[in-house]
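Open the model in your viewer and keep the selection tool ready. We will go stop by stop.

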Amino acid sequence: MALQALDSSLIQLDHKAKNLPVSKLLDEKIIAHATARDLCVAAETEKSDIKHELSKSEVDVEQVVSRIERDEKRLASGQGTPKELEQIQHELGSLAKRRAELEEIELEVMVRVEALDQRIASLSSERDALHEEVIKFSKEKDEALEEINRAKNSTISERSALASEMENDLLGLYEKIRSSADGIGAARLHAGQCQGCNLTINAADLSKINSLPDDDVVRCEECRRILVRI
């Protein structure tokens, strides 16, 4: 039963290693960090595209302003026929309207850039904070696994020493059963019940088992595990 207790400890340690609470937290933080990082990259790309749009708007405004300045100079010089001057005056009106429209577009783009700057700053802060948490939980996971591995190594060493003291036939039978019975090769017989499969043994069979020598190997009729009589 001592060997089974050690094997059960190893099973529990393996289960603990695979189901560490910190592992779930770490996975969640890794996903959240990747999401924040991708959103940040997407926002940076969007900002780059909008800045290109802003540059185009600025060029369009500059071109209109240049034409307005040129027409204003011609109008101020008084050169040209009355009809030409009238056309220039009309064009200045159209250019002023166009300039106002372009400047409004430019302002809207600038507002979008400012909003993206704020979003990028927020996402970057979130990304960096999540990165720190990923590092933190990774360290905690490594420490927890290291502690479990130390316990496993100690248990394996103790198991090896104990197994070396057992009879080869009994050890071989135990290992064979354990490999096909969820890691449980031996179970206690307690209060007339097999603790491996929880089968209650009838009175006649129990009486027969109790009459056997202590060193006889007894197995459960249901699960075939070795019964340890206590």
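Select C220. At 1% relative accessibility, C220 counts as buried, because the cut-off for buried is under 20%. The model is a predicted one, so read each stop as a computed result.

Stay with the cysteines. Which cysteine sulfur is nearest to that of C220? Add C197 to the selection: its sulfur is 3.6 Å away, and C220 is in no disulfide. Now add C223. The nearest cysteine sulfur to C223 is that of C220, 3.7 Å away, and C223 is in no disulfide either. A disulfide needs two cysteine sulfur atoms within 2.5 Å. By this rule, the count for the model is 0 disulfides.

Next, the strands. Select residues 186-190, which make up strand 1. Add strand 4, residues 226-229. Strand 1 and strand 4 pair in the parallel sense, over 4 bridges. To see them face each other, pick A186, which stands opposite I226 in strand 4.

Now add strand 2, residues 193-194. Is its pairing with strand 1 parallel or antiparallel? Strand 1 and strand 2 pair in the antiparallel sense, over 2 bridges. Here L189 stands opposite C194. Zoom in on the turn. Strand 1 and strand 2 form a hairpin with 2 residues between them. In that turn, A191 has a positive phi of about 55°.

Keep strand 4 on screen and move to the largest pocket. The pocket holds about 450 Å³ of space. Select M1, L170, I226, L227 and V228: of the 20 lining residues, these lie nearest the centre of the largest pocket. Which elements each supply at least two residues of this lining? Show helix 1 (2-18), helix 4 (168-179) and strand 4. Strand 4 gives the largest share, 4 residues. Colour the lining by residue type: 13 residues are nonpolar, 2 polar and 5 charged.

Last stop: the second largest pocket, with about 240 Å³ of space. Its lining has 13 residues. Select D205, I209, V218, R219 and E221, the closest to its centre. Helix 5 (203-211) and strand 3 (218-219) are the elements that give two or more residues to this lining. Helix 5 supplies the largest share, 3 residues. Colour again by type: the lining of the second largest pocket divides into 7 nonpolar, 2 polar and 4 charged residues.

Terms used. Residues are numbered from 1 along each chain as its sequence is written. This is a predicted model: local features need pLDDT of at least 70, side-chain atom pairs count only at pLDDT 80 or more; totals for chains, interfaces and linings use all residues. Side-chain values use heavy atoms; hydrogens and water are left out. Buried means under 20% relative accessible area, exposed over 50%, partly exposed in between (1.4 Å probe, protein chains only). On a 1 Å grid over the protein atoms alone, a cavity is a set of points where a 1.4 Å probe fits but cannot get out, and a pocket is an open set with protein on both sides within 12 Å along at least five of seven lines; lining residues have an atom within 4 Å of a point. Grid points are joined across faces, edges and corners, and a volume is the space filled by probe spheres set on the points. Ala, Val, Leu, Ile, Met, Phe, Trp, Tyr, Cys and Pro count as nonpolar, Asp, Glu, Lys and Arg as charged, and the others, Gly among them, as polar. Two strands pair if DSSP finds at least two bridges between them.
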